[in-house]
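This report examines a protein chain together with its ligand. Please view the sequence and the structure before reading on.

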Amino acid sequence: MAARGQSFNGMRGVATVPSYVVMQPTTLCNLDCAYCYLPLRAADRRMPVPVAEAVAASANVWAAAGRFSVVWHGGEPLAAGRDHLAALLAPFGPEVEHHVQTNATLIDDAWCDFFAEHRMRVSVSVDGPRERNGDRVTRGGRPAYDRIVRGVAALRRRGLPFSALAVVSRPAPGLATELYDYFLDLGCDVLGVNIEETEGVNTRDNAHPPADVTAFWAELVAAWRRDPRIHLREVEWSLRYAAAVLDGVADDVLPRQLDPIPTIGHDGSVTVLSPELAGFTDPRYGDFSSGNVLESPLAEILAGAAGTPWVGEYLDGVEACRSRCPYFGFCGGGHAANRYFELGRFDGTETEHCRNSKIRLLEGVLEHARDHQSPAA
Ligand code: SF4
């Protein structure tokens, strides 16, 4: 299924026009989750409005030419407050779609009005039932679960559709069905499942027994197929790839170029490809940024981003993946931040992250297919 022997042309170089930008309205988060990668989450460094104006100058042009989104990410973006977030949203034209990734603990009726008024799509971070949220705690170390579900209840009461993002710290047989059933009850219409990653200030080990991870994904596919009411991001992507392999068009699945996914830090700095690198510095790579929107237009920064030294090294790593890894057509070479935080550089290939979230995901889909083959097949 990994289309051995096929050559893949997708994902060569970095596109100069993104499909979305990630914006950090504040570094502050009101929670202190054990697996969080953000170094400045206790500090309230807010994005000044001129940063949003500078990003909007490029984003409005891109949105006029095609679909374009801004993802408000943090810290906890709602911790910036409604007035400040409204001021940051104001420079963006009506064609720009807005999304917010939130821990949901601050959502109330006033925030629901805000989301509706700004046509902002909400994604909440919740890891499943109460007992699966032990890592999600307040600054005082108290469980955040009740506050999370209160925020979700406000969204439901107001009829606002929402996505959910779950972090799974220990994938194992038996867990996936419980999780999927929970999210069916929660009422989200899209679900992303992330196996916990070792990155940023989170140094917890993310190596797991391979059979457990594969079984987790296989079980998730089975749970989804029984009741596919939720768009299940990872599983639908895998099935799309599997269908393309069977149709002999696996090379058409990946985009031709990497989406630069610029992350705009609170201070206007631009970090491409991996939001998780924003805010870090390294003696060898500096602060990872490719420029600052207060000094140069975002479009200009992205046009030159491939020249950022670490990006060049990462592109070498992508080529190494292309030539060595049978999963490349599905994966496209993995995320820059996972290579850096696991391997200490960007031109390596396999990481625990790609084993957990790419290789074993695809193997899990195959395991499910094998277990459910009709006898006549
Ligand atoms: S990141 Fe991992 S799964 Fe993806 S192409 Fe590279 S080695 Fe393969």
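The text below treats the ligand shell, the aromatic pairs and the nonpolar core in turn.

The structure is a predicted model, in which local features need pLDDT of at least 70 and side-chain atom pairs count only at pLDDT 80 or more, while totals for chains, interfaces and linings use all residues. Residues are numbered from 1 along each chain as its sequence is written, and side-chain values use heavy atoms, with hydrogens and water left out.

**The ligand shell**

The ligand is surrounded by C321, C325, F328, C331, G333, G334, T349, E350, C354 and I359, a residue being near a molecule if one of its heavy atoms lies within 4 Å of it. Six of the shell residues are nonpolar, three are polar and one is charged. Here Ala, Val, Leu, Ile, Met, Phe, Trp, Tyr, Cys and Pro count as nonpolar, Asp, Glu, Lys and Arg as charged, and the others, Gly among them, as polar. Helix 10 (328-331) and helix 12 (352-371) each contribute at least two residues to this shell; helices are DSSP runs of H or I with at least four residues, strands are runs of E with at least two, and both are numbered from the N terminus.

**Aromatic pairs**

Rings of Phe, Tyr and Trp (its six-membered ring) pair if their centres lie within 6.5 Å; planes under 30 degrees apart count as stacked, over 60 as edge-to-face and the rest as tilted. The model has 19 aromatic pairs. Two of them are set out here.

| Pair | Centre to centre | Angle between planes | Type |
|---|---|---|---|
| F280 and F341 | 5.2 Å | 70° | edge-to-face |
| Y285 and F346 | 5.0 Å | 80° | edge-to-face |

F280, in the loop between strand 9 (269-271) and strand 10 (291-292), lies 61 residues from F341 in helix 11 (residues 336-343). F280 is buried at 14% relative accessibility, whereas F341, at 21%, is partly exposed. Buried means under 20% relative accessible area, exposed over 50%, and partly exposed in between (1.4 Å probe, protein chains only). Y285 and F346 are both buried. Ring pairs join F280, Y285, F288, W310, Y340, F341 and F346 into a cluster.

**The nonpolar core**

A nonpolar core is a set of buried Ala, Val, Leu, Ile, Met, Phe, Trp, Tyr and Cys residues joined through side-chain atoms within 4.5 Å. The largest has 113 residues, of which I107, F115, F183 and W310 touch the most other members.
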